[in-house]
Structures are given as structure tokens and as C-alpha cells.
Amino acid sequence: MELSVRQLLLVGCVLLLPDVIKLVDTQLKLQTNINKTVVHFQTEGMARPDTFLKYKKNVPLMKRLTVCFRVYLLQVRDEDAILSYALEDEADELFIAFSFEEQALMVACCKEPMWMKLAMPVRIRTWISVCIALDLDDMKYHLASYGDVREGMIPTVKKADYVIRNGGLLILGQDQDVFDGGFNKFQSLRGDLSDLRIYDYVLPSALMTSYAECSIYINVLPMIDLEALESDFELVNVYYEEIPERVICSRNTNFTVILPEFRSFIASELVCHTLGGKLSLPQSNSDKNDLFQTVLPYGKECAEVASDNFWIGAIGNFDTQKWEHYLTKEPLSYTNFLGGGDNAIAENAKCATFIGHNFTMESEQGLWTAQGCFEERCAVCSFKKVAILKVRGLCAESEFDRRFFLSERNGSLSFSGVYYSEIIKNPPVTNEETGITNYGSWTLRRIDKPEMTATMEMESPRHYPIGLNTWIIKNGKCGKSKATLVLTSCEDHQFSCSDGGCISIDYRCDSESTCRDGSDEDGCSYLYVKKNYDITSPPPRLRGVAVKISLHMNIKSIKKIDLPNFNFVCEIEMVLQWIDARVKVQYLNIIDEINVVPQNEYPWVPKLEYSGDENTVSDAVTTKSRMVVLRRSSPLGDNDQIVQESLAFDARKSPLLLKEELTVSTVCLYDLQAFPFDTQTCTI
């Protein structure tokens, strides 16, 4: 039996696999000095259908194959097309793409349709390493990503002899809806692609894992290799460069952002947190050196106020005279104060700053000083991963992105939409008529539709577009020229304060201010009605069943018995409970007594008439009234079209409870023939 070179390599790989895994110090270990070809798609940010790689050679018939690749998504599309292999009669002979929305790898193949959506994390601005193998004989797939390996059966519509046929066209970075065409900008790649390999057999699971983990350098020759870029591919509106493999395989997702405006320590802390990060804090000399190099480009700009020009996340405890982490309050094991030792902590100087410029002696660069927390410095924010910020308040038809993350544009902080938008900072502008210069503005726009914009005027040089702001909209889809929007990093079950801070949603409308600006207690209507709500009409039937009203009466006291006038006066408490599905219910607390509805906001209320003996009319005067909404269900799903998290509830499961105290004067037809040696009965 004769074996091809590739088959021999595979056999050798399988036979030597236990030894390969053990060789951590040989040439098979990941070689950090190796450079890899990285191809950049859609570098200008605009979604477009004309950026791709076209494979110039023939793709053979395959019953088994493995595709491995590393990708760095700068933004995502409706489908992030990695690979599209098409024939004249079948556009999806082989198709591999990501779905960010569904957090899945999508795979299709063969003339007889076969589609799979394999759940996996799809992250932005992080290198993703994936190996996907298809065995069309056994109808099994193998997937390796993020150190996870799993296999399963390939789902099929009908029985067929599945095979990936030869003679087609392989495209990287776009999806072919028809052979060599039908490209759609919404099914494309915006990012970097590297180390793509295609094998015409199923790579052993251990090697797939090693590739996905970047733990071992795999020198098994592939059938198609991106390293043969110049000879094997036609480049269309892309460019490439060589990058060390250690950079591509780095698992470090930490990054630092400089806020070059002057703020107090407390304001800097708030902005860092609202952006999804924390104030940076060096914990070693190595950290200190790295931080100094990071802030150095901003050193001169941020040294206009003082030479110690950046806030860091250390705060002094005056009572213990210890420096602590500003969040955890844990004592610091590393400090680096000017003059050596731990700086003495004074009441008016207990926040730490960092000397981040090279206009002082080299020995002082990167040292700390203690300053008053209300002094103003620039801030250094650290992030453990890409923080996603959400926009609230856009209508359903809006074409702006609803999720953004921090980025940089022309040396200035900006926000990139996850899909197709961006928020950029504009410089100050002088009004020619008045001569007044504003502070600048922020513009939200679609990159591919620059005429569609929303602009926020800055109220100070420190005004970021986070929190609650008013935007002027041009050419939007919502039919409005002005909108109130919130840009927030708050997560599920949190409330976005107007200043951008985040608190637990449970503190919303609990009669106690938790947000720094008190906005969690603004607009706290537990119940509201639509404009066309008819307060005179009772609630409609639910599924043909009349609305039930429960009633309980408690006679609290008999105030007066008037025998000559055949009358008695009593104080009663009426408790009514019913459901009104027409109302909107929100912000309900677990403690029912907090969920009070003001009297001027009462919806329809059952009308009661009080009568005495023989249905004589009684006089009833309400002395006290209190309505509450009862929380009897879990909150409904959040609606990001509402500016701030609404925490809505199903009105059909939220009874209204009305307690009224009344003084009732009613007629009692006394029978006095045996008075006072008898018993009188009065009714109400």
C-alpha cells in the first residue's frame, strides 16, 4: 500500500502524539520567535463587499477535512464570514462564519444542505483560535476553541452521500451567495486573519487542542496554508504584515486607557467605573515601568497642572496610616512613594498620584505622591477585558448600534459600535457671529451611512457621552430630531444612574437615594396609564371572565348611636383588591407597602354605595385612602427602548390593593316597644 506524504505525516503524528505532548522544550513547543502572516480586512471600518482573499488553486474532493484559523474581530457583522467555498450549483459547498449575536460558529457544507450552529464564545478585540473538523463518512464534527474540545453528530435533512466536491472557488473574508459573487457587506469580515490551515483529513484531537490553546507549534503540513499568501491567493483590498506568533497567541486581555482631562479623584473613579474599568494600580516595579511607558505619550498634556499628573487606585487610611486599594480597602504590599517608604497620610492628602512624564529626573519617573482628593489630575483606567457599553432609548427602527466598546481615533478616546457605528469626539468650534467657542461635541454615526448622525454638545471639556444626555438627530429612522439616550456599562439586573454609575436594580425606587446623583428615585411611578385610558370604565373581561373584586370590611368603632333620629355613626375600613390589565406596572418592591400610588394617579376604582335599613341611603366620608401595587411575579424582560431600566411587571399578575377609612352615617329603624329590654339590629 502506498501512502502520500501528507498521509505519512499524519500517521507519524498519530504514532508520536504522546511524545509530542511531552516535548515542552523542543522545536514543537510554541516558538515565540516565529512570525505569522496577518491579513487585515476592512481596516477603515466600513462594511464593504469587496475586501477578500481569493484562492487561486484547485480544491480537491474531500470526505474529511479540518479548518484551523486565528481571527481578531475589530467589529462584527450580521455574519462574520471566515471561509466561503462555492460551486456553480451550490454557494455553500463549505461555509464557516461567526454569529456574534448567537455566540456561535456556523458551519454549512455540501450540495445536500447541512447547517450547524455550534455554541462558543465570540469575543471582540481578542484573538480567537478555532479548529473545526468534519468527518462526512461518520457524520461527526470535532470543534476545538478556547481550550475546549467537543464532538457530536452532524445534523442532516435527509440521507445522502455527503462530500465536498472539487472544482469550486475558495474565498476568505466574504460569503459567496453565488459562485464568485453575490457578496454582501453584512456577511463579511472586519478584522485580522492569521494562520489559516486546511487539511484534507481530520486532525487528531490533541493537535486541534494544541492549536486552539497555542500550546504546541504544529508543523504538520496543511493542504491550504495562509502562509503561502503571495503565491496562492489573490488579494482584493486587503493588506498584510508579519506579527510574532507570541502576540497572536497571548491570552492577556488587559488594557489601559488614559483619560487626559483634569478631574478630582472621585470624579476620575466614577468615569473609570462608568466606562467599565477601574483606576490602575501598579503592584510591582515591573507594573510601574509598564504603566510609565503607557502614560508617557500623555505626560506633557497631563502635566500642565502638576508634575504628579495621574491618579492611581491607592487611598490612604488616616486612622491606620496604611495605604489601601481604593475599592477593596486591602492594605498594599507595594508602594513607590517619592522619598521612599509609605508617605505619611494626612486628612487633606490621602489620594495617590503617579509621576508619568519625562520632564523630571529619571529617578523620580513613575514615583507616587500623596495629594488631596479634590485636586485635579488625569486618570489611568485599567480593563480586564473589552467592556461593552449599551445605548438605551433608541427606537426599534433605529439603525445605530446599541452596543459599543472603547477604542481610539486620532489619539482621542472614542467608542466603536459592535456592528456598524461609532461615537467620535469633535474639537471645539467658534461661532462666527458671537465669537463664543464651545467645548466640542460627540457624534454618533453609521460608518457606512455618514449622513445619519446624532450629536451631543459637551457641557465641559470633561463631558463624555456616558450616562443620560440629549442628542440632536439627523436623518434617523425614529422620526425625531431630538432624543434622550443613556450610554451605560451597567450589566443585567443593574440600574443606570443619570451620571453613568451603576447600582442594583433592587435599589430603584426604594425611597432611599443610592445613585450619587439621586437619580434612582426620580420618576418613581409604580403605576401609570396610557393616554387613552378611560378612568370611568371598569377593566375588561379577561378571557371572558369578569374581573373579580375582593372586598373586606372592618368596623373599627361605633362613634355615635342617635336614638331620637334613628341613626348611628361608625368608622369602617374597606379593603378592595382587583386586577386591571390596562395599566402599566414597574419598579415594584418586594415590600408591598412601599409601592404606593398617589391619589392623583389612581386608575379606575370600584365605586361603593353604603345603605342602611330597608336600603336607605347612608352618608359616607372618606377620611383616608391608600393604594398600593402588589408584587406577585418576577419582572419582565428589559426593554432597551426605554431610556433607563424599567423593571416592568405583568399587570395581570400585579393586584391593586385599596385601603380606605370612612366615617359612615346610616339609618337604623329602631323598634322601641320593648326598649331598653331588647336587642336592636342595624344593617349597613
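## Worked exercises: sheets, salt bridges and a surface patch

The structure holds 36 salt bridges. Keep in mind that this is a predicted model, and grab your viewer.

**Exercise 1. Find where Lys63 and Asp161 sit in the chain, and decide whether Asp161 is buried or exposed.**

Solution.
- Step 1: check the contact. Lys63 and Asp161 form a salt bridge, with 2.7 Å between the closest N and O atoms.
- Step 2: place the two ends. Lys63 is in the loop between strand E2 (52-55) and strand E3 (64-73), while Asp161 is in the loop between strand E10 (148-153) and E11. The two residues are 98 residues apart, so to speak linking distant parts of the chain.
- Step 3: look at the cover. Exposed means over 50% relative accessible area. Asp161 has 64% relative accessibility, so it counts as exposed.

**Exercise 2. Do the same for the salt bridge of Arg64 and Asp137.**

Solution.
- Step 1: the side chains of Arg64 and Asp137 meet at 3.0 Å, N to O.
- Step 2: Arg64 belongs to strand E3, and Asp137 to the loop between strand E8 (127-135) and strand E9 (140-145), so this pair ties together parts that are 73 residues apart in sequence.
- Step 3: for accessibility, Arg64 comes out at 33%, which makes it partly exposed. Asp137 is also partly exposed, with a relative accessible area of 42%.

**Exercise 3. Now take Glu571 and Lys559, and work out which strands their salt bridge ties together.**

Solution.
- Step 1: the N to O distance of this salt bridge is 3.6 Å.
- Step 2: Glu571 lies in strand E35 (residues 567-578) and Lys559 in strand E34 (residues 550-562), so parts that are 12 residues apart in sequence get tied together.
- Step 3: Glu571 is partly exposed at 28% relative accessibility, whereas Lys559 counts as exposed at 51%.
- Extra: some salt bridges share partners, and in this way Lys36, Arg70, Asp195, Arg197 and Glu245 are joined into one network.

**Exercise 4. Trace how E9 is paired with E8 and with E10, then say why E9 is largely enclosed.**

Solution.
- Step 1: start on the E8 side. E8 and E9 run antiparallel and are joined by six bridges. Ile132 stands opposite Leu143 in E9. Their hairpin has four residues between the strands, and Met139 takes a positive phi near 55 degrees there.
- Step 2: move to the E10 side. E9 pairs with E10 over six bridges, in the antiparallel sense. Met153 in E10 is the bridge partner of Lys140. The hairpin of E9 and E10 has two residues between the strands, and Tyr146 in the turn has a positive phi of about 50 degrees.
- Step 3: check burial. Five of the six residues of E9 are buried, so the rest of the structure largely encloses this strand.

**Exercise 5. Write down the strand order of the open seven-stranded sheet and pick out its edge strands.**

Solution.
- Step 1: walking across the sheet gives E7-E6-E5-E4-E11-E2-E14, with antiparallel pairing.
- Step 2: strand E7 (114-119) and strand E14 (233-236) each pair on one side only, which makes them the edge strands.
- Step 3: get the twist. Ignoring direction, neighbouring strands of this sheet are turned by 15 degrees against each other on average.
- Step 4: zoom in on one pair. Strand E4 (residues 80-87) and strand E11 (residues 169-172) are antiparallel over four bridges. Leu169 in E11 is the bridge partner of Ala86.

**Exercise 6. Establish whether Arg392 is buried or exposed, and what its side chain contacts.**

Solution.
- Step 1: Arg392 is in strand E23 (residues 389-392).
- Step 2: buried means under 20% relative accessible area. Arg392 has 4%, so it is buried.
- Step 3: list contacts of the side chain. Among them are a polar contact with the side chain of Asp638 at 2.6 Å and one with the backbone oxygen of Ile642 at 3.2 Å.

**Exercise 7. Select the nonpolar surface patch that includes Leu608, and describe where Leu608 sits.**

Solution.
- Step 1: select Leu551, Met553, Ile555, Ile558, Ile561, Leu608 and Ile684; together they have about 600 Å² of accessible area.
- Step 2: Leu608 is in the loop between strand E37 (596-597) and strand E38 (619-629).
- Step 3: with 32% relative accessibility, Leu608 counts as partly exposed.

Methods:
Residues are numbered from 1 along each chain as its sequence is written. This is a predicted model: local features need pLDDT of at least 70, side-chain atom pairs count only at pLDDT 80 or more; totals for chains, interfaces and linings use all residues. Side-chain values use heavy atoms; hydrogens and water are left out. Patches are made of residues with over 30% relative accessible area and no salt bridge: like charges are joined within 9 Å, nonpolar side chains (Val, Leu, Ile, Met, Phe, Trp, Tyr) within 5 Å. Accessible areas come from the Shrake-Rupley method with a 1.4 Å probe; for residues, only the protein chains shown count as cover. A salt bridge is a side-chain nitrogen of Lys or Arg within 4 Å of a carboxyl oxygen of Asp or Glu. Buried means under 20% relative accessible area, exposed over 50%, partly exposed in between (1.4 Å probe, protein chains only). Two strands pair if DSSP finds at least two bridges between them. Axes are lines fitted to C-alpha atoms, for helices over the stretch in contact, and angles run from 0 to 180 degrees between N-to-C directions. A polar contact is a pair of N or O atoms within 3.5 Å; within protein, one must be able to donate a hydrogen and the other to accept it, and residues adjacent in sequence count only if both atoms are side-chain atoms.
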